[in-house]
Amino acid sequence: MGREYVIIGDGIAGATAAEEIRENDPSGEITIVTDEPVPLYNRVATKDLAKGDKDREDLMMHDREFYEKHDIDLRTNTRVTEIRDAERRVVCHDGSRYSFDKLLVASGGTPRRLPVPNSDAEGIHTFWTLDDADRLKKVAKDADDAVVIGAGLLGIDQAVIFGKHGANTRYLMRGNRWWRQGISKEGSEVVEKGLAEFGVECIFHEEVEQFDTQEGRVTECVGSSGKTYPCDAAGVAIGLHYNHEFLRGSRVKIGEGILTDEYMRTSVEDIYAAGDIAQYYDVVLDRVNQNGSWASAKEQGAVAGRNMTKDEDEDLEEFELVDTYSINHFDFFIMSVGSVLGDKKIDRVYDDGNYRRVIFFRDRPVGAVFVGDVTQAGIIRKIIGQKKDFSGREELLLEEEVDPTLLQ
Ligand SMILES: Cc1cc2nc3c(=O)[nH]c(=O)nc-3n(C[C@H](O)[C@H](O)[C@H](O)COP(=O)(O)OP(=O)(O)OC[C@H]3O[C@@H](n4cnc5c(N)ncnc54)[C@H](O)[C@@H]3O)c2cc1C
């Protein structure tokens, strides 16, 4: 009998790990357990489905045949409820159990609900799955007035979806701009113009106090300013809570996500974590980090999968990636590379209205955000990967065209 591999989650991290395991261990027994009803689909493109630009079928990445062909046992509609790490066993909601030699937890996150009265009323939506996208599309088409909460990378998707379907959309933000963590007011103003083209009105310095309802349906949103906003639908994107409750009682160490080293190993031997759930040691930033992006989840899944197939005497592979995330709803791009968290940031708005921010941590560039022209994202990404000291030379990274010799 081959080695037994169990993977929790058939998102991009889990599915990629399975492929790598099969490639590197042809006789291994691979089981993927997912609580979703369907195999891997393109989660990033769910926004295009909700906008009406793509069909459900366009998003499917693996069909059932894929798993048969690769001899992978896929268990859909099956939720893991407990990990018995000492027994090396995974327990599921329906009583099924899977024993493992190597386990990968790639269970991602679930959108948080707003902690205000009536936040579970009919008409108030979060957005993570394929079914959420179908639902949101229908709701947005039917809505006259919508409110969106969450001034970040996922909130903007919902604002555009409601706006695109013709709802009178108000986008409420706590601060004075969109994505406070990533850009300045000047950068946000470019984005606000893009949102206005979808008919989205940005409202700043406003928080939700509660939703009012009639017969269980949302009718209006009450702001902390005392103003009320009529809405027959609302979209909420205020972050994720990570799906690791089934690890309670195990010895796997948890922080915000599941703590891993740079090889994606958790604190318990033979248990790995990858994707959005992994709070890993980042060798580019030299600190603990957690990403929320497709590219990072895919690469972490690949690294974890390969490492899981290695024997004790083989060297493990580090996860090393300067992450990227881009938004393409508008006639300009928004792109983030690396991390927006640092101890210094510099910004520039260029004559043609483009915007760039570069973020430093202990004098090293660790991230950048571009609104408009993204042509310099590639070179800056490489420079971040070089991990060089830029003290006194920071402004060079704001040059309209970054000097390629900085790469040497
Ligand atoms: C609308 C939207 C737009 C996005 N846009 C972008 C973008 O433009 N660019 C970008 O880089 N990223 C984007 N992302 C984020 C990106 O999709 C995620 O970072 C990535 O999909 C994470 O992959 P993952 O495999 O780690 O987790 P997930 O894709 O969340 O997969 C985890 C899987 O585990 C399952 N699971 C959880 N708990 C259990 C359990 N107990 N038992 C069994 N199964 C379980 C979940 O149901 C899920 O299927 C977007 C996400 C959304 C929702």
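Q: When does a residue count as buried, and is S296 buried or exposed in this predicted model?
A: A residue is called buried when its relative accessible area is under 20%, and exposed when that value is over 50%. The model you're looking at is a predicted one. S296 is found in helix α8. Its relative accessibility is just 1%, which is under the cut-off, so S296 counts as buried.

Q: Which residues does S296 touch, leaving out those up to four places away in sequence?
A: Let's stay with S296, which sits in helix α8. Skip anything up to four places away in sequence, and the residues S296 touches are N291, F319, L321 and D323.

Q: How much of the ligand's area does the protein bury?
A: Start with some polar contacts. Oxygen atoms of the ligand lie 2.6 Å from an N or O atom in the side chain of E36, 2.7 Å from a polar side-chain atom of K47 and 3.0 Å from an N or O atom in the side chain of W128. Taken alone, the ligand exposes 1000 Å², and the share of this that the protein buries is 95%.

Q: How many residues of the shell around the ligand are charged?
A: The ligand has 33 residues around it, with D35, E36, R43, K47 and D276 the closest. Sort the shell by type and you get 14 nonpolar residues and twelve polar ones, while the charged ones number seven.

Q: Which domains each give at least three residues to the shell around the ligand?
A: Look at how the shell is put together in the chain. At least three of its residues come from each of two domains, and these are domain 1 (4-110 + 240-308) and domain 2 (113-236).

Note on methods:
Residues are numbered from 1 along each chain as its sequence is written. This is a predicted model: local features need pLDDT of at least 70, side-chain atom pairs count only at pLDDT 80 or more; totals for chains, interfaces and linings use all residues. Side-chain values use heavy atoms; hydrogens and water are left out. A residue is near a molecule or strand if one of its heavy atoms lies within 4 Å of it. A polar contact is a pair of N or O atoms within 3.5 Å; within protein, one must be able to donate a hydrogen and the other to accept it, and residues adjacent in sequence count only if both atoms are side-chain atoms. Accessible areas come from the Shrake-Rupley method with a 1.4 Å probe; for residues, only the protein chains shown count as cover. Ala, Val, Leu, Ile, Met, Phe, Trp, Tyr, Cys and Pro count as nonpolar, Asp, Glu, Lys and Arg as charged, and the others, Gly among them, as polar. Domain bounds come from an automatic or database domain assignment. Helices (H or I, at least four residues) and strands (E, at least two) are DSSP runs, numbered from the N terminus. Buried means under 20% relative accessible area, exposed over 50%, partly exposed in between (1.4 Å probe, protein chains only). Contact means heavy atoms within 4.5 Å.
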